[in-house]
Amino acid sequence: MTLEWIFRIVEQYWPMFLRGAGVTLLIALIGTVLGGLIGLLAGIVRTIPTPERGLKKIGLKLINIVLSIYIEFFRGTPMIVQAMVIFYGAALAFGYHMNPIIAGVVIVSINTGAYMAEIVRGGIISVDKGQYEASQAIGMNHIQTMMNVVLPQVIRNILPATGNQFIINIKDTAVLSVISISELFFVTKTIAGNNYRYFEAFFVVCILYFIMTYTITLILRYVERRLDGPDNYVIAANPMDTAEDIKRKTQGM
Amino acid sequence: MEAVIDIQGLSKSFGSHEVLKDINFSVDKGEVVTIIGSSGSGKSTLLRCVNLLEKPSGGKIIFNGENILDNKHDVHQYRRNLGMVFQQFNLFNNHNVLGNCVVGQMKVLKRSKEEAEKIALKYLKVVGMDSFVNAKPRQLSGGQKQRVAIARALSMEPDVMLFDEPTSALDPEMVGEVLRVMKELAGTGLTMMIVTHEMEFAKEVSDRVVFMDKGVIAEEGPPERIFNEPTQERTKEFLKRTLKQ
Ligand SMILES: Nc1ncnc2c1ncn2[C@@H]1O[C@H](COP(=O)(O)OP(=O)(O)O)[C@@H](O)[C@H]1O
Ligand SMILES: [Mg+2]
């Protein structure tokens, strides 16, 4: 009576599932955002043109070596192992257990940051050289060039990869159950164990994971379309209208 | 005549490849100078050295009486005085037409948004692109892109405009609209340095023509003289080759 059990589990445990899903989404979302910021920063630093003068050059080189180690290390080890090392390592170092959810956010963030750093660096490098040259030719410095021309294009271009990372994070938070974070997978294990109904419980959670990831996919597609703007432009009726004029007119004043 | 830019003994090497050798020449205020020469002769490199997109290996560039190649000078500050138009347009992909002409004014020259938009519209009108303020670069034809690129450079109100083969990437039917705009600008007293393969255009707009060959200035002079009675053998050969096409 598998079907019956599925309904019974959903009926009885839906608040637990929801709370688990909430924790999963929370960790994945904050982890992706923080990881995205880490990656953006790391990617920006790694593409700073090498300064000519001595001390700055050495400083930048050192920072780049540290960043490389960080990126390679976190991309080259399983997150489940990183979770154990960081969680129990922190316990050993500071003598107390971190709040597991905070530990989870930290682990997902630095893990995501390592991947995003490479994605951002690739995104920056792939912006056409002409975009930099035109910015420089107009008198912009490196920071102005990055802020006004390059990064807006990079962020648009890495959006699909970031969404992808978010989806990966939703699934991969499951491994955080090893440090007893009550995310969706951990909750499901508990429910399954309490009832000795493994297939049914995990079948339910399988659907739940899919609903979450597919919803994210749809939202991201919508955001991308919005960012690209309309395919056609409007030829301005009165070309001397400034943006202010247009605003005034559309507000009916 | 007062020189805006005076280039003295300029050289440039890429590794061991010496691309520019001992270039001496100056551009006067209001002068239109075209640079001609076969591909690979160093025309682009010269133009790019003038606005320091390439770092010269030696020599001086005197601007407003000062050598901007000594270390004291702020490169970014200097570049504000020069407008550059590229063969590949290089419009900012993340900005619309108006944004392309406004962003530099606001961020570099610190003009207010209102002022920047007013100036941008003025120059977009000059190039005939003022009704396209909302268009994104990808929605424009090559000729339209290049006219916006010209307006973008003009909006910075530079002392000198540099053009590096502005029509070479265009379909033939769009060359005319860009050249027309440039002719108009030449008539306004704007100082211009133009690298071009359009010989008829060069004849018509130039105050002076510079012929480059293998990294040196082989010959220069008024267009009538360079095109009708060149003195150098290599100039004759180049003109014969180009005008035959
Ligand atoms: N970044 C570069 N690195 C190495 N060689 C270059 C570079 N840019 C240009 N060159 C070389 O310099 C020479 C002159 O190039 P360029 O100034 O582009 O000529 P032109 O614009 O007259 O066609 C060519 O031989 C070209 O291969
Ligand atoms: Mg060239």
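**Exercise 1. The surroundings of ligand 1**

Task: In this predicted model, which elements of chain B each supply at least two residues of the shell around ligand 1, and which residues surround the ligand?

Solution: Begin with the elements, which are β2 (17-28) and α1 (43-50) of chain B. Next, look at the residues themselves: ligand 1 is surrounded by Phe14(B), His17(B), Val19(B), Ser38(B), Ser39(B), Gly40(B), Ser41(B), Gly42(B), Lys43(B), Ser44(B) and Thr45(B). Finally, when the contributions of the elements are weighed, the largest share of the shell, three residues, comes from α1(B).

**Exercise 2. The character of the shell**

Task: How do the residues of the shell around ligand 1 divide into nonpolar, polar and charged?

Solution: Sort the residues into the three classes, bearing in mind that Gly counts among the polar ones. The shell then divides into two nonpolar residues, eight polar residues and one charged residue.

**Exercise 3. Contacts with oxygen atoms of the ligand**

Task: Where do Gly40(B), Gly42(B) and Ser44(B) offer atoms to ligand 1, from the backbone or from the side chain?

Solution: Take the residues one at a time, remembering that a polar contact requires a pair of N or O atoms within 3.5 Å. For Gly40(B), a backbone N or O atom lies 2.7 Å from an oxygen atom of ligand 1, and for Gly42(B), a backbone N or O atom lies 3.0 Å from an oxygen atom of the ligand. Ser44(B), by contrast, offers a polar side-chain atom, which lies 2.7 Å from an oxygen atom of ligand 1. To complete the picture, the protein covers 60% of the 560 Å² of accessible area that ligand 1 has on its own.

**Exercise 4. Annotated regions of chain A**

Task: Which residues of chain A does UniProt list as "transmembrane region", and what is the helix content of residues 20-45 and of residues 96-117?

Solution: First consult the record, an unreviewed UniProt entry, which lists residues 20-45, 96-117 and 198-220 of chain A. Then turn to the model, where residues 20-45 are 100% helix and 0% strand, with end C-alpha atoms 37 Å apart. Residues 96-117 of chain A are 82% helix and 0% strand, and their end C-alpha atoms are 31 Å apart.

**Exercise 5. A nonpolar surface patch**

Task: Which residues of chain A form a nonpolar patch on the surface, and in which helix does Leu37(A) lie?

Solution: The patch is formed by Leu26(A), Leu29(A), Ile30(A), Val33(A), Leu34(A) and Leu37(A), which together have about 500 Å² of accessible area. Of these residues, Leu37(A) can then be placed in helix α1 (residues 2-46) of chain A.

Methods:
Residues are numbered from 1 along each chain as its sequence is written. Chains are lettered from A and ligands numbered from 1 in the order in which they are written. This is a predicted model: local features need pLDDT of at least 70, side-chain atom pairs count only at pLDDT 80 or more; totals for chains, interfaces and linings use all residues. Side-chain values use heavy atoms; hydrogens and water are left out. A residue is near a molecule or strand if one of its heavy atoms lies within 4 Å of it. A polar contact is a pair of N or O atoms within 3.5 Å; within protein, one must be able to donate a hydrogen and the other to accept it, and residues adjacent in sequence count only if both atoms are side-chain atoms. Accessible areas come from the Shrake-Rupley method with a 1.4 Å probe; for residues, only the protein chains shown count as cover. Helices (H or I, at least four residues) and strands (E, at least two) are DSSP runs, numbered from the N terminus. Patches are made of residues with over 30% relative accessible area and no salt bridge: like charges are joined within 9 Å, nonpolar side chains (Val, Leu, Ile, Met, Phe, Trp, Tyr) within 5 Å. A salt bridge is a side-chain nitrogen of Lys or Arg within 4 Å of a carboxyl oxygen of Asp or Glu. UniProt positions are given in the numbering used here, feature names are shortened, and annotations may be inferred rather than shown by experiment.
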